[in-house]
2 protein chains.
Amino acid sequence: MHPLSPLSADEIAAASALVRSLWPAGTDLQFKVIMLEEPEKSDVLPYLDAEHAQQSLPKIDRRAWVNYYIRNTSKFHEAIINLSRQTIERHVRLGLNQHGNGDAEEIVAVEQAALKDESVLAEVAKLKIPEGSVLVIDPWIYGSDGVNDDNRMYQCFIYMRDPMNPQEADSNHYALPLPISPAVSTEGFKVVRIDILPTGADNTIKPLEEYSIKPPNEYLPEYQKLRSDLMPLHISQPLGASFWVTRQGTSTVIQWQKWSFRVGFNQREGPVLYDVRYDERPLFYRLSLSDMSIPYADPRHPYHKKQAFDLGDAGAGLMTNNLKLGCDCLGMIQYLDGVITSDKGDPTPMENVICIHEQDNGIGWKHTNFRTGRAALVRNRELVLQSIITVANYEYIMAFMFNQAGELNYEVRATGILSTQPIDDGVDVDFGTRVHPGVLAVHHQHIFSLRVDPMLDGPANRLVYEEAHAMPRSDFNPHGIGYTTKETVVERAAGLDLDPDANRIFKIQNAGVRNPVNGKPVAYKIHAPPFQKILADKDSFHFRRAEFADHNVYVVPYKPHQLFAAGQYTNQSRGGTGVRAWASGQEPVVDTDIVLFVQFGINHVPRIEDFPVMPVEILKLAMKPVNFFDRNPALDVPPSEQSFNKSSLASEAHKQPSQEAEVGEGGAVCCSSTSKL
Amino acid sequence: MHPLSPLSADEIAAASALVRSLWPAGTDLQFKVIMLEEPEKSDVLPYLDAEHAQQSLPKIDRRAWVNYYIRNTSKFHEAIINLSRQTIERHVRLGLNQHGNGDAEEIVAVEQAALKDESVLAEVAKLKIPEGSVLVIDPWIYGSDGVNDDNRMYQCFIYMRDPMNPQEADSNHYALPLPISPAVSTEGFKVVRIDILPTGADNTIKPLEEYSIKPPNEYLPEYQKLRSDLMPLHISQPLGASFWVTRQGTSTVIQWQKWSFRVGFNQREGPVLYDVRYDERPLFYRLSLSDMSIPYADPRHPYHKKQAFDLGDAGAGLMTNNLKLGCDCLGMIQYLDGVITSDKGDPTPMENVICIHEQDNGIGWKHTNFRTGRAALVRNRELVLQSIITVANYEYIMAFMFNQAGELNYEVRATGILSTQPIDDGVDVDFGTRVHPGVLAVHHQHIFSLRVDPMLDGPANRLVYEEAHAMPRSDFNPHGIGYTTKETVVERAAGLDLDPDANRIFKIQNAGVRNPVNGKPVAYKIHAPPFQKILADKDSFHFRRAEFADHNVYVVPYKPHQLFAAGQYTNQSRGGTGVRAWASGQEPVVDTDIVLFVQFGINHVPRIEDFPVMPVEILKLAMKPVNFFDRNPALDVPPSEQSFNKSSLASEAHKQPSQEAEVGEGGAVCCSSTSKL
C-alpha cells in the first residue's frame, strides 16, 4: 500500500472493527467517516524521493481517521486508528457544537420521520391538497443561528409531486413547494418544531389555507417535445488513449504527456491528487476541493439558516455519482472506483466515481510566417479527471484538467435544480426570482475553496503577488505611456484579495531555483476569476462559519489536519476552526512549506432559464508556469496534420449513405450545401 | 443580393472602375479598402421583417465604401459608390492625420526599401554580423507621438535569421533582434530616419558595436525532439453536421439548433454576424470585433510609439488565415470564403477564411433524483465560427460560439510570437521579460472591443446594470445574512465599468416585452471578465487614440458609420473620432436603438514560456438570456445516451488491433490497464 492510497475495503472493515471492540457488545454505532489518516508529510516526502529514484522504500504505518456516533444519541467521537499496529492512537468524544456530517441513510430516516409525524400531517391537511398527492421532503442541514440550536437537527422543506401524475417518482417536486417546514432532531428522529413559512414580501406568517396548485414543470425527457435535428458527434481514439494507468492498491498513478500524479478518493473531498509532477519536477504535493459554502439571501426564519457546506456537511465523496459511459462521459474513458464506509462501518464500494479522458480543446499555439505562408500549429490536447456530485437538489461537475503547456485547470460546472420555496401570486422580492408560478428561487452565493499544497521544485515555496502600475511622467517616460510590474512577497499567513485594476496576480515561487535563462525564480501563477465575497455581515453566523469566503486567497504554513477551509466539523458549526483562524497567527510563510486556499465563486441571481434544471454555469481556475520552463513547453507537441486528425468536410457529408438514425423523435437528417464563392 | 451581403468580386471591380474613371487615364491609384457600405438600418429592418415573413422584399441599393491613395503620395480619399445606380455619392480627399491602413503589398515594399538603403546597411555593418547572414524586417505601423509625425511612415525593427542556418526561410528571427530601427516614409518608400535602439536599463543610446550572436530558438517542428506518445483523437459525425448552410450571393445563412444568423466578411472586421435570431426571435442586428489596441510599456524612443490597432491599422479580414482541414480545424468542417480588394482595385478571393463546426463542450445540464437514482443529462453541443488572423509576429484566433441554452460566447485566443527587441546581457527591466539570451519581450496590453448591436425582441432596447448588496440589519434581517439585487438604468451614452465587489452585471433589456411567468423585462446579460484598463496616462496619445480602452462597456445610440471603436482611421490617429467621443454627447439611450462596445483584455507580462511561440491565452465573453425564455431553453435537447454517443472504454483499447501508427517520431502505442478495485 502506498502511504497516500485511500483506505481499502479491508482497512475500512478493520478500522470499524477496532472501534467496535472499544464498546460493549451490542452497542449500536453509527459510523460517519472512515478515511485515510494521511501520514506526516515529513515521512511521506522521503518516501516520494525514494519512489521516484526507484530506491528501497521506507515503511510508513497505515492509519484511519474515524468519526462515529452512538446511534440515536449526540455522542459524537473522533478516533485515529493505527492499522499497521492495530492500535488506537486517538479516541475522544467531541464536545458542544461539533457535529457529524449528514448522509443518505440519515436523510431518508429524517424524511420518513417527518412524513409520519401526526402534527406535520395535521398542518399539511390545512392545505387541502388533492387526495392521492405525494409529498416529498428535502431535509436540509439545520445551519446555525445561535437560537436553541446546540442539538443536531435537520430543517425539512416539503414539496409535492404533480398531483395529476403522482406516480411519477421523478416528478420535479421543486415546482410545487409547500409552506410548512418541520425541524427534526437526530436524537430519536423526532419532529421538534414545525415552522410555517413566510410566502409574501415580508416576514408575516399567514394561517395555512388551501394550497393553490400550479402546473408542473418537469425536466424528464419524456415530458418534453425533444429537438429532432441534433446529429451524433463521436469522439474516438483508434490507437487507444495517450495516458497510462497504473494501479497501486486503492490509488492510481496517471501518466500523460510528461504529467504524472497519484489519484485518491475519500468521503469528504472526493478526488484528491497527490505528488503532481511535470517531467519529474515536483509541482504539487496535494490538490483537492477543500470545501464550499452556499449562503442564501432570504433573511426570514427559517430560511436565514440556509447555508450549505456541501463537503463538510455531507461529503463530496459520499455524494459522488456513478458515472455512465456515453452519458456523463464522451469519448474514450477510463473509470476509477472508490470505497467509503456505510453507517454500519462496512465498506461501501463506489464504482465509476472518476472518469478520465482526453479532449481536444482547440488550437494550442499557432504562428504563420506571412513571408513564406508556412504555418506551424499544434492542437491543445487536455487530460480531464471529472467527478460529479448530487447534493439533493443540486449538482456540481468538478474536473481537474491538464494540458501540454504545463497548465493545470480546475473547473466547476454548477447545474441541477434550484432549492425553491413557495411565494404568493403577484409578489416580487429583491432577494429572489420567481422561476415558475408560485415558486421563488432565492439568490445565493456559491463560494468554493481549492486547497493547493505546492512543492515547486521542492517544499520551500513562497507566495508573491505581482501588480502592474503606470510609470509617472519623467525624462525616462516623457510620453506618459510606460508601465512596470512589481512583486510583493507575502511575509505572513493572511487572507489576500485580487485587484483587477492593478492586474494583481498571485504566484507560487521557489526563490531557491532560478530560471536558467532570465534568472527569475521558478513560479506558477494562479488565475482565479474575481468574485463577490460573502455578503453576510461580519457578525453573522454565515460569515463566521465560511472562514474562507472573505478573501480570494489564504496562505498559511503547512500543518497536519488543516485540510478543510471551514474546519473539520461544519455541520451547525460556529466558526473559529478554519483557515481564517489558522491565518490569524500571522506565522511566517516565506520560503517554507506553505499551503494556499484559493477561492472562486458566483453570486447566483436565479433566472427563469435556470429552472427546472439549470444550464451549466462554468467556473474555471488556472495554474500556469511562469519562468518555470525555459521556453514554451508545448513546443514539442507534434504538428496538427490531417493524416493524424482525420477531419472531414461538412459539404461532403450529404454524399454519405445515411446511417441508422437515432436522433430524437424525428430522426431527420440535415444536409449541408457546398458554399464556395 | 441580400442588402447585408458583402461586396462580390464583380462589385469590387465595378467600384474600383468607377473610382478610376474619376481620374485621368494612367493615374496610379492604390486601393486600401473596398467593402460594403451597409444600407441605412431603417431600410434594412423592414427588409428583414419581410424576409422572415416570406413577403415580397423591398429593393435596397448596393453601395461600396472605398478608400484609396494616389500611389506614392499622401493623397488619401474616401468614397461611397452607389453600385445599383452607378453613381458617386461621396468623394473627398481626407485631411491631416487621416491615414489609410497598412497591407501586405506595402509591408513588403517597406521591408525592401529599408533593406536596400545604403545608410541602413552602413549602420548594420557596424554590428559585424557573419557574412551570409540574412536580415528580416518587421515594419511596424508608425504610431503617434506628435513629434514630426504628420506624414505616413513605418517604424522598422530589424532581426536576423540564425546565421548558422541562414537559408531557413522560416527561421525565428525574433530570437535575434538588432539594435537598429529605420523609419520609412510611404511617399516614395524612402528611409527618413535611422533610430539606434536603447539596449540597457535606461534610455542611453550606445554606439553600435559587434553584435553578440546568441543561439537560435526555432519553433518549427523539425527543430524539436517531438513527443512520441500522443495518440490520435478523431471527431466524426457519421450522419453529417446538425447545421444548415444556405448561400445567398456572398453571404451565408446558418441555421443550427433554433439559432439563425447571416455571416458576412469584410476587410476590416473579418467575420460579421447579422440578424442573429433564436427560435425566430430577434437578438442582435449585428455583431463583430470592432477593434483592438495593443499599447506597449517601454517608454523609450522609438518604442514609446508601439501601439497596434490591428483592425484599424491593417484589417482583420485582410490578415485572415486560409484555414486547412485537419490543421486549424478538427472534426466535420464547413468553410466559408471571402473576397477583398487588392491595392490595384482587383477582387482578391480569400478561401477558407471562416470554419464552422460543432463541438462537444461537456455536460450541458444534469440532475439525479437521489431517491430513485435516475439521472437526466444532456451534453452541451456548441456551434463554432472560427477565424484566425496573423499580424506579422502575432496570431489571434477568434470564435463566435453558440449553444443550446440560448447562450452566445465570443472567444479570443492570443498566440503567435512576441514582438521582441535587443537587450544587453545581465540587464533586467521592470517593463519586460528576458525570454531568450539577448531578447527582451516588453509588457503590453491587449484590449479588445466587441461591437454589439442588439435588437432583443425588437430595436427598442436599454442597458441596465444589476448589483448585489448586503441588507442592513433590521427586524426583517435580524441575523445579518440577507442581501438584495437592484437594477440601475443607464440613461445616457456613457462609458461604464464592472465592479466585481458589487457583482455588477450589465444587461440588455427590452422593457416593452415582459417574461410571461415573472413579468421581468426580457434580457440578455453580458459576462466579460474584468481586466486592467489602459495604463497610459490620460494625456498620452496611447490613451487618446484607444478610445474604448478606458471602460468595460460603452453604450451609445445607434448611428450609421459608428462601427469602429477607435474611429474610422486609426493609423497615426490622434483620437477624438471613436466611441469616447461619440459617448461624450450624453445622448439618451433608454428604450431606443442602442449599440454597445464591450471591452475585454489582458495585460500580457511575458513569461519565458511564451517564447518562441506562446501557448494560447484564452479570453471569453458570454451573453446569456435572463428571463428571456420561460424555462431552460436546453430542456428539449435529447438526453445523452451511449447509443447516440458511442463512447468506449480505455481499458478495452489495448485489446484492439494496433492500427497504423502515425504519431511523432516514435510512433509508440500506449496501453491502459484495467483499474477496477
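Helices (H or I, at least four residues) and strands (E, at least two) are taken here as DSSP runs, numbered from the N terminus. By that reckoning, residues 233–635 of chain A are 4% helix and 51% strand, and the end C-alpha atoms of the span lie 30 Å apart. UniProt, in an unreviewed entry, places the feature "domain: Copper amine oxidase catalytic" at these residues; its positions are given in the numbering used here, feature names are shortened, and annotations may be inferred rather than shown by experiment.

This is a predicted model, in which local features need pLDDT of at least 70 and side-chain atom pairs count only at pLDDT 80 or more, while totals for chains, interfaces and linings use all residues. Residues are numbered from 1 along each chain as its sequence is written, chains are lettered from A and ligands numbered from 1 in the order in which they are written, and side-chain values use heavy atoms, with hydrogens and water left out.

Chain B can be laid on chain A by a turn of 180 degrees and a shift of 0.0 Å along the axis, with an RMSD of 0.0 Å, the superposition being by least squares on the C-alpha atoms of residues with pLDDT of at least 70 in both copies. That is the relation of a two-fold axis. In chain B, the C-alpha nearest this axis belongs to B:Ile235, at 2.3 Å. Both copies use the same surface, since 100% of the contact residues of chain B recur in chain A, where contact means heavy atoms within 4.5 Å.

Within chain A, A:Arg451 sits in strand 24 (residues 444–454). A:Arg451 is buried yet has no salt bridge, and the nearest side chain of opposite charge, that of A:Asp453, is 4.0 Å away. Buried means under 20% relative accessible area, exposed over 50% and partly exposed in between (1.4 Å probe, protein chains only); a salt bridge is a side-chain nitrogen of Lys or Arg within 4 Å of a carboxyl oxygen of Asp or Glu; Lys and Arg count as positive and Asp and Glu as negative, with His and the chain ends not counted. A polar atom of the A:Arg451 side chain does lie 3.1 Å from the backbone oxygen of A:Gln562.

The backbone also deserves attention. Most residues other than glycine have a negative phi, and most peptide bonds are trans. A cis peptide bond nevertheless joins A:His301 and A:Pro302, with omega about -5 degrees. Phi of A:Ala392 is near 55 degrees, and this residue is partly exposed, with a relative accessible area of 25%.

Conventions. Polar contact = N/O pair within 3.5 Å; in protein donor to acceptor, adjacent residues only side chain to side chain.
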